[in-house]
Amino acid sequence: MLHEHSPAPVLLTPDEAAAILGRDVAELRRWRGQNIGPSFHDLGRGLIRYARESVLEAAAMTPAR
């Protein structure tokens, strides 16, 4: 339950998440299929968004290429 003082979660597009992670969008798609990587939300009709905090956490743990 969101409270009035709780900030709304910031959602990123797959392109934005891929740029932060230094990966391509296809790899993020594979991660979703394998249920690994940052948390995401399927908003329907192929609209995927990633939780910014989860992407930043994954970026900190993912070795650079």
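Buried here means under 20% relative accessible area, exposed means over 50%, and partly exposed is whatever falls in between (1.4 Å probe, protein chains only). Helices (H or I, at least four residues) and strands (E, at least two) are DSSP runs, numbered from the N terminus. This is a predicted model, where local features need pLDDT of at least 70 and side-chain atom pairs count only at pLDDT 80 or more, while totals for chains, interfaces and linings use all residues. Residues are numbered from 1 along each chain as its sequence is written, and side-chain values use heavy atoms, with hydrogens and water left out.

**View 1. The whole protein, with 3 helices and 3 strands.** Starting at the N terminus, the elements run β-α-α-β-β-α. Of the 65 residues, 26% are buried. Take the contacts (heavy atoms within 4.5 Å) between residues at least 6 apart in sequence: 46% of them join residues at least 24 apart. The protein exposes about 4800 Å², and carbon and sulfur atoms supply 54% of that; the areas come from the Shrake-Rupley method with a 1.4 Å probe, and for residues only the protein chains shown count as cover.

**View 2. Helix H3 (residues 52-61) and its buried residues, Ser54, Val55 and Ala58.** Look down the axis of H3 and these buried residues fall within an arc of 100°, so they line one face of the helix. The arc is taken from the directions that lead from the helix axis to the C-beta atoms. As a reminder, an α-helix has 3.6 residues a turn, so residues three or four places apart point the same way. What do the buried residues of H3 pack against? Their partners are strand S1 (11-12), helix H1 (14-21) and strand S3 (48-51). Turned away from the buried side of H3 is a face with the exposed residues Glu57 and Ala60.

**View 3. Helix H1, with Pro14, Ala17, Ala18 and Leu21 buried.** Down the axis of H1, the buried residues again fit within an arc of 100°, so they line one face of the helix. Their cover includes S1, helix H2 (25-34), S3 and H3. On the face of H1 turned away from the buried side sit the exposed residues Asp15 and Ala19. Just past the end of H1, Gly22 takes a positive phi of about 70°.

**View 4. The 1 aromatic pair that a search of the whole structure finds.** Rings of Phe, Tyr and Trp (its six-membered ring) pair if their centres lie within 6.5 Å; planes under 30 degrees apart are stacked, over 60 edge-to-face, and the rest tilted. The Phe40 and Tyr50 rings have centres 6.2 Å apart and planes at 55°, so this pair is tilted. Phe40 lies in strand S2 and Tyr50 in strand S3, so the pair ties together parts 10 residues apart in sequence. Buried or exposed? Tyr50 is buried, at a relative accessible area of 1%, while Phe40 is partly exposed, at 31%.

**View 5. Two loop residues with positive phi, Asn35 and Arg45.** Asn35 sits in the loop between H2 and S2, with a positive phi of about 60° although it is not a glycine. Asn35 is exposed, with a relative accessible area of 68%. Arg45 belongs to the loop between S2 and S3 and has a positive phi of about 55°, again without being a glycine. At 92% relative accessibility, Arg45 is exposed.
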